[in-house]
Amino acid sequence: MARPIRVTVSSVSASQPIIMNTYNQPINVGIGVKLDGATTGTWSVQHTFDNPFESGFTSNATWYPYTDLTNINTNEDGNYAFPVTAIRLNVTVISASGSITMTVIPSGY
């Protein structure tokens, strides 16, 4: 079984990017996002095609919305069936004491 990779965000911000293995074929990535406990909030999953190992990646990458997982305020899941270099969780609204967790399971890890 592939190991799940998790990021948790507890403020209005984007998570650290999860770098994908673009050499793994086929590309199959499962994504689940969960509002923890009594958390209320709005979140989106984003991806990039930029090189995550390039200098300045964190501040210079272009992030694209995953259309089906944009401006969501409930638990939700989706998947990528095409290669992207990194995925992140972007939280735009969150309750004061809450957190939102994204779990990513890439095939072949």
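Biologist: In strand β5, which residues lie on the side opposite Gly41, Trp43, Val45 and His47?

Modeller: In this predicted model, both faces of β5 are covered. The strand is mostly covered, with 8 of its 8 residues buried. Gly41, Trp43, Val45 and His47 take one side, and the other side holds Thr42, Ser44, Gln46 and Thr48.

Biologist: Is glutamine 46 buried or exposed?

Modeller: Glutamine 46 belongs to strand β5, residues 41-48. Buried means under 20% relative accessible area. Glutamine 46 has 13% relative accessibility, and therefore it counts as buried.

Biologist: Which residue has a side chain in polar contact with that of glutamine 46?

Modeller: Glutamine 46 touches Trp63, Tyr64, Pro65, Tyr66, Tyr80, Ala86, Ile87, Arg88 and Asn90, leaving out residues up to four places away in sequence. A polar contact of 2.7 Å links the glutamine 46 side chain to that of arginine 88.

Biologist: How many bridges join β5 to strand β8?

Modeller: Strand β8 covers residues 86-94 and runs antiparallel to β5. Within β8, leucine 89 is the bridge partner of valine 45. The number of bridges between β5 and β8 is 8.

Biologist: Which residue in β6 is the bridge partner of histidine 47?

Modeller: Strand β6 spans residues 64-65 and pairs with β5 in the antiparallel sense. That pairing has 2 bridges. The partner of histidine 47 in β6 is tyrosine 64.

Biologist: What is the relative accessible area of valine 91?

Modeller: Valine 91 lies in strand β8. Leaving aside neighbours within four places in sequence, its contacts are Val9, Ser11, Val12, Ser13, Thr42, Trp43 and Ile100. Valine 91 is buried, because its relative accessible area is 1%.

Biologist: How far apart in space are valine 91 and serine 44, C-alpha to C-alpha?

Modeller: Valine 91 is in strand β8, and Ser44 is one of the buried residues of β5. In sequence the two residues are 47 apart. In space, C-alpha to C-alpha, the separation of valine 91 and serine 44 is 6.5 Å.

Biologist: Is valine 93 buried or partly exposed?

Modeller: Valine 93 also lies in strand β8. It touches Val12, Thr40, Gly41 and Thr42, not counting residues up to four places away in sequence. Its relative accessible area is 45%, so valine 93 is partly exposed.

Biologist: How far apart in space are valine 93 and asparagine 73, C-alpha to C-alpha?

Modeller: Valine 93 is a residue of strand β8. Valine 93 and asparagine 73 are 20 residues apart in sequence. Their C-alpha atoms are apart in space by 9.0 Å.

Biologist: Which are the edge strands of the open sheet of 4 strands?

Modeller: The order in this open sheet is β1-β9-β4-β7, with antiparallel pairing. Each edge strand pairs on one side only. The edge strands are β1 (5-9) and β7 (76-80).

Biologist: What is the average twist from one strand to the next?

Modeller: The open sheet has 4 strands. From one strand to the next, the twist averages 15 degrees.

Biologist: Which residue in β9 stands opposite valine 9?

Modeller: Strand β9, residues 100-106, runs antiparallel to β1. The two strands are joined by 5 bridges. Opposite valine 9 in β9 stands isoleucine 100.

Biologist: How far apart in space are methionine 102 and isoleucine 5, C-alpha to C-alpha?

Modeller: Methionine 102 lies in strand β9 and is buried, because its relative accessible area is 0%. Beyond four places in sequence, methionine 102 touches residues including Ile5, Arg6, Val7, Val45 and Leu89. Methionine 102 and isoleucine 5 are 97 residues apart in sequence, and their C-alpha separation is 8.2 Å.

Biologist: What is the volume of the largest cavity?

Modeller: The count is 1 cavity of 30 Å³ or more. It is lined by 13 residues, of which Met20, Asn21, Ile27, Val29 and Pro106 lie nearest its centre. The volume of the largest cavity is about 70 Å³.

Biologist: Which residue has a positive phi although it is not a glycine?

Modeller: The residue is in the loop between β6 and β7. It counts as exposed because its relative accessibility is 54%. Its phi is about 55 degrees, and the residue is asparagine 71.

Conventions:
Residues numbered from 1 in each chain as written. Predicted model: local features only at pLDDT ≥ 70, side-chain atom pairs only at ≥ 80, totals over all residues. Heavy atoms only, no water. Buried < 20%, exposed > 50% of the residue type's maximum accessible area, 1.4 Å probe, protein only. Polar contact = N/O pair within 3.5 Å; in protein donor to acceptor, adjacent residues only side chain to side chain. Contact = heavy atoms within 4.5 Å. Pairing = 2+ DSSP bridges. Axes fitted to C-alpha atoms, helices over the stretch in contact; angles between N-to-C directions. 1 Å grid on protein atoms, 1.4 Å probe; cavity = no way out; pocket = protein on both sides within 12 Å on 5 of 7 lines; lining within 4 Å. Points joined across faces, edges and corners; volume = space filled by probe spheres on them.
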